[in-house]
Amino acid sequence: MVKKLCIIDDDDLYKLLLKKSVDNLGSNVEILTYPNGEEAFIELSKFKNSPDLLPDLILLDINMPIMDGWEFMEQFVNTKNQFKKNITIYIASSSIAKQDIEKSKTYPEISGYIVKPILKDTVANLLLRKAV
Amino acid sequence: MFSVKNHTNLTSQTTPSAFESFVKVLIFDEEVELANIDNSLKQLKNIDFQYFITHDDDEFKRILKDIKPQIIISELHQDEKSGRKQLDYCRMFYPEIPFVFLSKHSCNKSTLHLLEEGATDFLFKENIADLPSVVFKALRQSREKYEIKTTKQQRWEDAQRFRGLIEYSHDPVITYSESGIITYASPAIERVLGYQVQEFIGSNVLEHIHPDDISLRQENFEQLKGGKNTFTEIAQERLRHKDGHYIWAKAIVSDARLLPGIEGYMTNFRDITETVKNKLKLEKTLKNLTDYKIALDESSIVGIADLKGKITYVNQELLSTSKYHSEELIGKSFKIFQTDEHPDFFYLKIWKDIANGKIWKGELKLKAKDGSHFWVSTTVVPFFDEKHKPYQYIVVMRDITLRKQKTLELHNSIDLLTSQNKRLLNFSYIVSHNLRSHTSNIQNLISHIEDTVDEAEKKEMMQHLKNVAEALNETMYNLNEVVSIQSNSELKIEVIKLKPFVEKTLEILKTQITNSKAVIISEIPENELISFSVSYLESILQNLILNAIKYKHPNRDPLIKITCTNDSNYLNLNITDNGIGIDIKKYKHKIFGMYKTFHSNKDSKGLGLFMSKNQIEALGGKITVESKINEGSTFRLYFKRN
């Protein structure tokens, strides 16, 4: 069961709706949000030695200002050994471009590609660590 | 039986050569008579006599045969037989030896009769005093006869010799009368013209000359007849061989009208067919070569250089292409045309190749006198001497400047197309991505509205839905803007005066500039003109200046500098700010991308630079950026020169 969820996305409305969905499930999940890859990486790196503070699951958008999802992945892959937690990462993007989906498969660290919108059933499955 | 008496005379040295130093005298008489004769002949002081005397028939004949006397003096005996017999004998076998009778006796026959029978003279012994004159006369006559005979012999031999020279001469000689009838032809005529001598004699000279060459021959002939020269030379004329073909001959015609034995004209000629044929062949080859040269000069740019690269020849095409005068090039090095388009080792390679006798082919960018450039497709061919060593190089060139320009334009077009294509891909990606982000939000909102029973929440969701609709609309509007740039091929292009135009743009942006306390320095020269779209230029300038203000450094007021630089292909407009700068390393590929933003600025939409780039590229220009974080950025606009 996911206890700590991290959303990296610049779309405020999306984040708001996703939070609502999680809340509606009634589960006690803590949610961290970051507006772009750079901020997320800097903040998460601060918790790398504290598994309790690191999220169980990251929903990563691709298209973001300053540092996009792929650049975040580059940074993360380079330093993942320093993170004292096995973090599950899903790409969550509105892009249906094939190149994005294919690219996500090149990262063993990425567990799956979710095309937005993420409706309540998908949220439930994600939190239960079921396949989506 | 016979006695010999030598009479020497000291003056014999001065004796006329007509006489031998010793004149041998054969006497047919009693020995006692010798003294009288010797005594008498002593008067001939210039002649030394040597006497042989006998009275015997057989001995006379023997002496005659052995010594061959110059003169015979004989007694005419009473019976007249003895002396007469000797006379007959001498006349028969030695008719050239004078025979003088010296007799005691008169004879029955008259002196005349004896002379008729062959005696040289007749003298009575009582008149012996006359003997010297008789002997002298006889010797002289004999001498003269001999001389005439030897002269004749000489002449005959000379004639034989000259005839031989002519007859065996390789070159034919003919003689002919004034009317052209051939009177003599040497045997060589058969070798050269195929005629037997006899069939050639009697024909007319003109029959054997090519009809086209007759006038030349007659012209020469008339000149010879009228002029002072005794001969004339015809350098080449065609003569017909007996079998009908023509040969080339060189002829010398001599006027021999006053020459005994000819009394007409003489021509000796030489068969020069081979020479003329070779000459004609050579002339044809030469003509061909000249034609090739003309063709080459007309079609190509041609220069010739010596082993050191000094120019020794330039054709008109090279002069007009390079804009030099001939005297400015001859003697100069071919380096005069070099540009820095090609590195030194490139030229070294050319020199190495041609010095080794190889032909070099390639394309060169050369410089004309006025500094302009031209491209040539070049072939350098070494010319070899008889030792097969290069002694000069011919450089044959073809102007390919136009082709090069076209290729360059083509490359530019391909680059433009490639980048446009790339942008288009990016665009389609962005479109799907951005439109999808709105639609996915709409789907999500609807799902929430359906699921909730809380009216307040429904209302909130509806408000979000409205916002999304607006954002979607704006995105659609922006996309439409972008599409209209990329497809606008009928843009209105005007000549724009850059300085006033920039000033006008700054005036429009006055409020933003004043509010941000920005200082703007515009250093654009007067009269700088560009051809561009007014609306695009306005959009680009506003965008860049507003960007410079928007991304100002938090610690200082914006300072924006607008300058102008030039290169041969473009006019550059540079906009430099002292803002926060962009991490070029990080964002190299994104700066001008659509919906790419690099700052967490709420106003950035990631559209401005994408639009500016598309606008300037739509008109053949380009835009680049240099930047340092916390120091500022310079955007460089390249406007294509016409």
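**Reading a two-chain interface and its salt bridges**

Mentor: Chain A and chain B bury about 2300 Å² between them, 50% of it on carbon and sulfur atoms. Keep in mind that this is a predicted model.

Trainee: Which residues supply the most of the area that chain A buries against chain B?

Mentor: Three stand out. A:L17, A:N63 and A:I66 supply 26% of that area, more than any other three residues.

Trainee: Why start with an area at all?

Mentor: The size of an interface is often given as the accessible area lost when the parts come together. You can also count residues. Here chain A brings 28 residues to the contact and chain B brings 26.

Trainee: What should I look for next between the chains? How many salt bridges are there between chain A and chain B?

Mentor: First the general idea. Side chains of opposite charge can pair when their charged atoms come close. Between chain A and chain B the count is 3 salt bridges. One salt bridge joins A:K120 to B:D451, at 3.1 Å from N to O.

Trainee: How many residue pairs are in polar contact across the interface of chain A and chain B?

Mentor: The rule finds 8 such pairs, with both residues at pLDDT 80 or more.

Trainee: Which helix gives the most to the side of chain A that touches chain B?

Mentor: Look at two helices. α1 (12–24) and α4 (98–105) of chain A each supply at least two residues of that side. α1(A) gives the most, with 7 residues.

Trainee: By class, what residues does that side of chain A have?

Mentor: Sort them into three groups. The side of chain A that touches chain B has 13 nonpolar, 7 polar and 8 charged residues.

Trainee: Now salt bridges over all chains. How many does a search of the whole structure find?

Mentor: The search finds 43. Let us take a few inside helices. In chain A, A:E43 and A:K46 meet through their side chains, 3.1 Å from N to O. Both residues lie in helix α2 (residues 37–46) of chain A. They are 3 residues apart, about one turn of the helix.

Trainee: Is A:K46 buried or exposed?

Mentor: A:K46 counts as exposed, at 56% relative accessibility. A:E43 is partly exposed, at 25%.

Trainee: Which salt bridges should I see in helix α9 of chain B?

Mentor: Take two. B:K287 pairs with B:D291, and their closest N and O atoms are 3.1 Å apart. Both lie in helix α9 (residues 273–299) of chain B, 4 residues apart. B:K287 is partly exposed at 49%, and B:D291 is partly exposed at 32%.

Mentor: Then find B:K293 and B:D297. Their salt bridge has its closest N and O atoms 2.9 Å apart. These residues are 4 apart in helix α9 of chain B, so about one helical turn separates them.

Trainee: Is B:D297 buried or exposed?

Mentor: B:D297 is buried, with a relative accessible area of 17%. Its partner B:K293 is partly exposed, at 42%.

Trainee: Which residues are linked in a network of salt bridges?

Mentor: The network links B:E178, B:E222, B:K225, B:D255 and B:R257. Note B:D255, which stands opposite B:Y265 in β10(B).

Trainee: Which strands pair with β10(B)?

Mentor: Two to trace. Strand β9 (residues 246–256) of chain B pairs with β10(B) in the antiparallel sense over 8 bridges. Strand β6 (residues 173–176) of chain B also runs antiparallel to β10 (residues 264–271), joined by 4 bridges. There, B:I174 stands opposite B:T267.

Terms used. Residues are numbered from 1 along each chain as its sequence is written. Chains are lettered from A and ligands numbered from 1 in the order in which they are written. This is a predicted model: local features need pLDDT of at least 70, side-chain atom pairs count only at pLDDT 80 or more; totals for chains, interfaces and linings use all residues. Side-chain values use heavy atoms; hydrogens and water are left out. Contact means heavy atoms within 4.5 Å. Buried area is the accessible area (1.4 Å probe) that two parts lose on being put together, summed over both. A salt bridge is a side-chain nitrogen of Lys or Arg within 4 Å of a carboxyl oxygen of Asp or Glu. A polar contact is a pair of N or O atoms within 3.5 Å; within protein, one must be able to donate a hydrogen and the other to accept it, and residues adjacent in sequence count only if both atoms are side-chain atoms. Ala, Val, Leu, Ile, Met, Phe, Trp, Tyr, Cys and Pro count as nonpolar, Asp, Glu, Lys and Arg as charged, and the others, Gly among them, as polar. Two strands pair if DSSP finds at least two bridges between them. Buried means under 20% relative accessible area, exposed over 50%, partly exposed in between (1.4 Å probe, protein chains only).
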